[in-house]
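Here's a quick walk through one model, written for someone who likes cut-offs spelled out. Have the viewer open as you read.

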Amino acid sequence: MNGWSWAALALFTVWAVTAFGIRAMIQARRTGDAGFRGISGRPGTASWWAGVAFVLALLGGAAAPIAALAGMHPLPGTDPVALRWLGLAIAGAGVVATLVAQSAMGASWRVGVDTAERTDLVTSGLFAHMRNPVFTAMAVTAAGLMLMVPNAVAVLALVALVAALQLQVRIIEEPYLTSVHGAAYTDYTARAGRFLPGIGRRTA
């Protein structure tokens, strides 16, 4: 199964380099700003833990295939090769969706939040159906990689990522966007789901 571990590591590397490195270079060339804002909040706060969990999730995404190559066994019941192929398809789709959603954000793309900034509210493309398609695509990618290398490290990385995204959106980004865009964002939350179309919309 080492071939799948190498494939997962290669796919993770391509995703990380394109979604963060190349995207930041494109952002800097177009706007003069790479878009990185770092971890928000004081140590121990929910916003700080969101950033820490996100970093741990990224590290875990790389560590899972490395652990498999070092001899860590997959979880019981995850032996079928079809599961690995399914994971490859899901992860590949997640990588593509991440890049498409990031591109749709244009100059508003950021990693982290600076509450002093005022970016445009993006509501077109994938954002017309869900408010956080970049985060959804990242979770899909992590789920696919977990199926490719289904060990305990991969599961923990996925759990850390989901926790980080939930905290980031609910504790940091939604209050920030509400304060910046007011009624326009409130109306948008009634139309588009939080992470999936139709799910997590504001009802009243």
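What follows covers helix packing, salt bridges, a few single residues and a surface patch.

First, the ground rules. This is a predicted model, so to speak with filters on: local features need pLDDT of at least 70, side-chain atom pairs count only at pLDDT 80 or more, and totals for chains, interfaces and linings use all residues. Residues are numbered from 1 along each chain as its sequence is written, and side-chain values use heavy atoms, with hydrogens and water left out.

Let's start with the helices (DSSP runs of H or I, at least four residues, numbered from the N terminus). Two packed helices are described by the angle between their axes and the distance between the axes. Here, helix α4 (residues 133-148) packs against helix α5 (residues 152-181) at about 170°, and their axes are 9 Å apart. The axes are lines fitted to C-alpha atoms over the stretch in contact, and angles run from 0 to 180 degrees between N-to-C directions. That makes α4 and α5 roughly antiparallel, a label used for angles over 145 degrees. On the α4 side, the residues involved are F135, M138, A139, A142, A143 and M146. They meet A154, V155, L158, L161, L165, Q168, V169 and E173 in α5, where contact means heavy atoms within 4.5 Å.

M138 turns up again around T98, a residue of helix α3. T98 touches W15, A19, A137, M138 and T141, leaving out residues up to four places away in sequence. T98 is buried, at 0% relative accessible area. Buried means under 20% relative accessible area, exposed over 50%, and partly exposed in between (1.4 Å probe, protein chains only).

Now for the charges. The structure holds 5 salt bridges, each a side-chain nitrogen of Lys or Arg within 4 Å of a carboxyl oxygen of Asp or Glu. Three of them are listed here:

| Pair | N to O distance |
|---|---|
| D33 and R37 | 2.4 Å |
| R131 and E174 | 3.0 Å |
| E174 and R194 | 2.8 Å |

What does the E174–R194 pair tie together? E174 lies in helix α5 and R194 in the segment after α6 (183-191), so the bridge links parts that are 20 residues apart in sequence. E174 is buried at 14% relative accessibility, and R194 is buried too, at 15%. Elsewhere, salt bridges with shared partners join D33, R37, R110 and E117 into one network. D33 is partly exposed at 27%, and so is R37, with a relative accessible area of 21%.

As for R131 and E174, R131 sits in the loop between α3 (81-105) and α4 while E174 is in α5, so that pair connects parts 43 residues apart in sequence. R131 is buried, at 8%.

D114 is also found in the loop between α3 and α4. With 31% relative accessible area, D114 is partly exposed. Setting aside neighbours within four places in sequence, D114 is in contact with R37 and Y176. The C-alpha atoms of D114 and L145 are separated by 31 Å, with their positions 31 residues apart along the chain.

Last stop, the surface. I39, V55, L56 and L59 form a nonpolar patch with about 360 Å² of accessible area together. Patch residues have over 30% relative accessible area and no salt bridge, and nonpolar side chains (Val, Leu, Ile, Met, Phe, Trp, Tyr) are joined within 5 Å. The areas come from the Shrake-Rupley method with a 1.4 Å probe, and only the protein chains shown count as cover. L59 belongs to helix α2 (residues 46-69) and is exposed, at 55% relative accessible area.

How values were computed. Patches are made of residues with over 30% relative accessible area and no salt bridge: like charges are joined within 9 Å, nonpolar side chains (Val, Leu, Ile, Met, Phe, Trp, Tyr) within 5 Å. Helices (H or I, at least four residues) and strands (E, at least two) are DSSP runs, numbered from the N terminus. Angles under 35 degrees count as roughly parallel, over 145 as roughly antiparallel, 65 to 115 as roughly perpendicular and the rest as oblique.
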